[in-house]
Amino acid sequence: MSFLESVFLTPAKSQVVHGDRLLWSEITKTLLDATQCSTESETSISNRWIIIREMKKGISRWFVTPAFERSIASWASIQATFKANKSPQSGGIDVYVPVSEKPKFFRALVYQMSLHPAPNMPLIPTCVANVILEPIGTENTSKRIDVEMVNCLHVLNMDHGILFVEFFKKDGNGENFAHKKQRQKLLITSSTFSDNTLPKCNAKKMTDCDALFASGELSAIFDSI
């Protein structure tokens, strides 16, 4: 965490918070094993809706599959939105996540973080059963899409983490739904939560988080994680 001193001393406008495109070859084998992707190549996952974010010493980088770029959001649009950071609500996910859905992403991420109270903890994917995306991809044919979201966080050290997220369409149309077997494999190894059962370490505090999200106060914290 030694890099934080220079971050605090650098004006926000001068800070570099994003890097170049993350490569599939840079994703850790531990994370790929946990998400049932260890035997996959970049070509074989090209039609799946996967986005992976690396956070290392304050720098964020993203990997997105071609299908994700076509149907949800491009790497360039995520990068540009994150770079602009024009308001507390800005961040990479703002490109494709409605404000109403942000609490689900936040809870899922906080729960993933809670699975790492000590170094070298096993990676456990979790699934949120009901999520709505608002894609801007060039092949998007509907304004909003109902999906299941599987995510898994690999904490390498205090300065470095990688978050894997995959979305599965809930209806029977489109290229993503074709990956039913992969979906089944992931959900077998995942803890699955509905809107009402999404993990809450403290119900009152989580309710407060929802209120902070509604007011926009918590968005800046979430976007910086």
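This report covers the fold, the paired strands, one loop residue and the aromatic pairs of a predicted model.

## Overall make-up

The protein chain has 225 residues, and 47% of them are buried. Its secondary structure amounts to eight helices and six strands. Read from the N terminus, the order is α-α-β-β-α-α-α-β-β-β-α-β-α-α. The chain exposes about 11500 Å². Carbon and sulfur atoms supply 56% of that area. Contacts reach across the sequence: of those between residues at least 6 apart, 61% join residues at least 24 apart.

## Cysteines

How many disulfides does the model hold? The count is zero. Two cysteines deserve a look on accessibility. C127 has 0% relative accessibility, so it counts as buried. C152 is also listed at 0%, and it too counts as buried. C127 falls within the span of strand β3, residues 126–133. C152 falls within the span of strand β4, residues 145–157.

## Strands β3, β4 and β5

Strand β4 pairs with β3 and with β5. The β3 and β4 strands run antiparallel, over six bridges. In this pairing, L133 stands opposite I145 of β4. Strand β5 covers residues 160–169. Ten bridges join β5 to β4, again in the antiparallel sense. Here H154 faces I162 of β5. The link from β4 to β5 is a hairpin through two residues. As a general point, side chains in a regular strand alternate between the two faces of the sheet.

## R144 in the β3–β4 loop

R144 sits in the loop between β3 and β4. Is R144 buried, exposed or partly exposed? Its relative accessible area is 42%, so R144 is partly exposed; that value lies between the 20% and 50% cut-offs.

Which residues does R144 touch, leaving aside those up to four places away in sequence? They are P98, S100, I132, L133, E134 and P135. L133 is eleven residues from R144 in sequence, yet their C-alpha atoms are 5.6 Å apart. With E134, the contact is polar: the two side chains meet at 3.0 Å.

## Aromatic pairs

The structure holds five aromatic pairs. Such a pair is described by the distance of the centres and the angle of the planes. Two of the pairs are set out here.

| Pair | Centre to centre | Angle between planes | Type |
|---|---|---|---|
| W24 and F63 | 5.4 Å | 45° | tilted |
| F68 and F167 | 6.4 Å | 25° | stacked |

Take W24 and F63. W24 lies in the loop between α1 (4–9) and α2 (29–34), while F63 belongs to strand β2 (residues 59–64), so the pair ties together parts 39 residues apart in sequence. W24 has 8% relative accessibility and therefore counts as buried. F63 stands at 3%, so it is buried as well.

Now F68 and F167, whose rings are stacked. F68 is in helix α3 (residues 66–71) and F167 is in strand β5, so this pair ties together parts 99 residues apart in sequence. Both residues are buried. The strand in question, β5, is joined to β4 by ten bridges.

Which residues form an aromatic cluster with F68? Y96, F105 and F167 join F68 in one cluster.

How values were computed. Residues numbered from 1 in each chain as written. Predicted model: local features only at pLDDT ≥ 70, side-chain atom pairs only at ≥ 80, totals over all residues. Heavy atoms only, no water. Helix = DSSP H or I, 4+ residues; strand = E, 2+ residues; numbered from the N terminus. Buried < 20%, exposed > 50% of the residue type's maximum accessible area, 1.4 Å probe, protein only. Contact = heavy atoms within 4.5 Å. Areas by Shrake-Rupley, 256 points an atom, 1.4 Å probe, with all protein chains shown as cover. Disulfide = S-S within 2.5 Å. Pairing = 2+ DSSP bridges. Polar contact = N/O pair within 3.5 Å; in protein donor to acceptor, adjacent residues only side chain to side chain. Phe/Tyr/Trp six-rings, centres within 6.5 Å; stacked < 30°, edge-to-face > 60°.
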